[in-house]
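Biologist: I should like to learn how empty space in a protein model is read. Could you begin with the general idea and then turn to the case at hand?

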Amino acid sequence: MRTGLYPGTFDPITLGHIDIIRRACALLDRLVIGVAINRDKGPLFSLEERVAMVEEECAGLAAETGCEIVVHPFENLLIDCAHDVGARVIVRGLRAVADFEYEYQMVGMNRALDSSIETVFLMAEARYQAIASKLVKEIARLGGDVSNFVTPGVLARLEGRFGAPAPARGAKARD
Ligand code: ADP
């Protein structure tokens with residue numbers, strides 16, 4: 001049984017994350033999505049909300065891909081979390097060069113802590129590569145339309161926080 005751990009903050013889960021989850025499912029029998037509590041990052045959504053959003057979006061994916069998906073909140077060391085859930089593989093998504101340096105350091109440190117756990121990097125489809133939770137939140141907060149970056153369920157939660165987006169840019173005002 002090949003089990004992988006895909007850790008992140010998922011604040012909130014985006015179409016980029018979902019693309020990575022779908023790709024990881026094609027390689028694994030069981031994927032544990034580790035939702036980091038990450039108090040330091042000051043998440044917009046509570047842990048319960050982030051877990052609920054990931055569970056909602058993954059319900060269909062498990063049936064579609066045949067991979068078991070488990071959502072697991074965690075606060076401990078990533079390597080310890082991997083042990084806890086029986087994962088030998090850590091899955092990460094790579095977007096741009098900007099992600100590389102941090103990920104490179106993480107692999108080095110995690111390998112020093114436990115060399116038996118391998119990290120694999122997956123890339124999302126081109127149209128999802130630029131999506132970042134941080135920017136989605138920023139755009140939604142400023143009244144922009146984020147419907148191309150998240151699912152309708154996540155969009156509803158963002159609108160619950162920030163209100164519906166402003167009318168489309170460039171649209172002519174009606175008399
Ligand atoms: P973290 O706080 O660890 O950066 P995130 O929730 O932002 O958590 O991201 C979790 C993982 O998903 C990271 O490996 C990140 O690089 C990856 N990821 C996020 N968005 C995308 C995307 N659009 N394409 C590919 N990978 C992504």
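Modeller: Rolling a probe the size of a water molecule over the atoms shows where empty space is left. In this predicted model, the largest pocket holds about 1,100 Å³ of space. The pocket is lined by 39 residues, of which Pro7, Gly8, Thr9, Lys41 and Arg92 are the closest to its centre.

Biologist: Which elements give two or more residues to the lining of the largest pocket?

Modeller: Two strands and three helices do so: strand S1 (3–8), strand S4 (89–93), helix H1 (15–27), helix H4 (97–113) and helix H5 (133–141). Of these, H4 gives the most, with 4 residues.

Biologist: How does the lining of the largest pocket divide by class?

Modeller: There are 18 nonpolar residues in that lining, together with 11 polar and 10 charged ones.

Biologist: Let us turn to enclosed space. How many cavities of 30 Å³ or more does the count give?

Modeller: The count comes to 3 cavities of 30 Å³ or more. The largest cavity has a volume of about 50 Å³.

Biologist: Which residues line the largest cavity, and which helix gives the largest share?

Modeller: The lining consists of Ala140, Gly144, Val146, Leu155, Leu158, Glu159, Gly163, Ala164 and Pro165. Helix H6 (residues 152–162) supplies the largest share, 3 residues.

Biologist: And what classes of residue make up the lining of the largest cavity?

Modeller: Here the division is 6 nonpolar, 2 polar and 1 charged.

How values were computed
Residues are numbered from 1 along each chain as its sequence is written. This is a predicted model: local features need pLDDT of at least 70, side-chain atom pairs count only at pLDDT 80 or more; totals for chains, interfaces and linings use all residues. Side-chain values use heavy atoms; hydrogens and water are left out. On a 1 Å grid over the protein atoms alone, a cavity is a set of points where a 1.4 Å probe fits but cannot get out, and a pocket is an open set with protein on both sides within 12 Å along at least five of seven lines; lining residues have an atom within 4 Å of a point. Grid points are joined across faces, edges and corners, and a volume is the space filled by probe spheres set on the points. Ala, Val, Leu, Ile, Met, Phe, Trp, Tyr, Cys and Pro count as nonpolar, Asp, Glu, Lys and Arg as charged, and the others, Gly among them, as polar.
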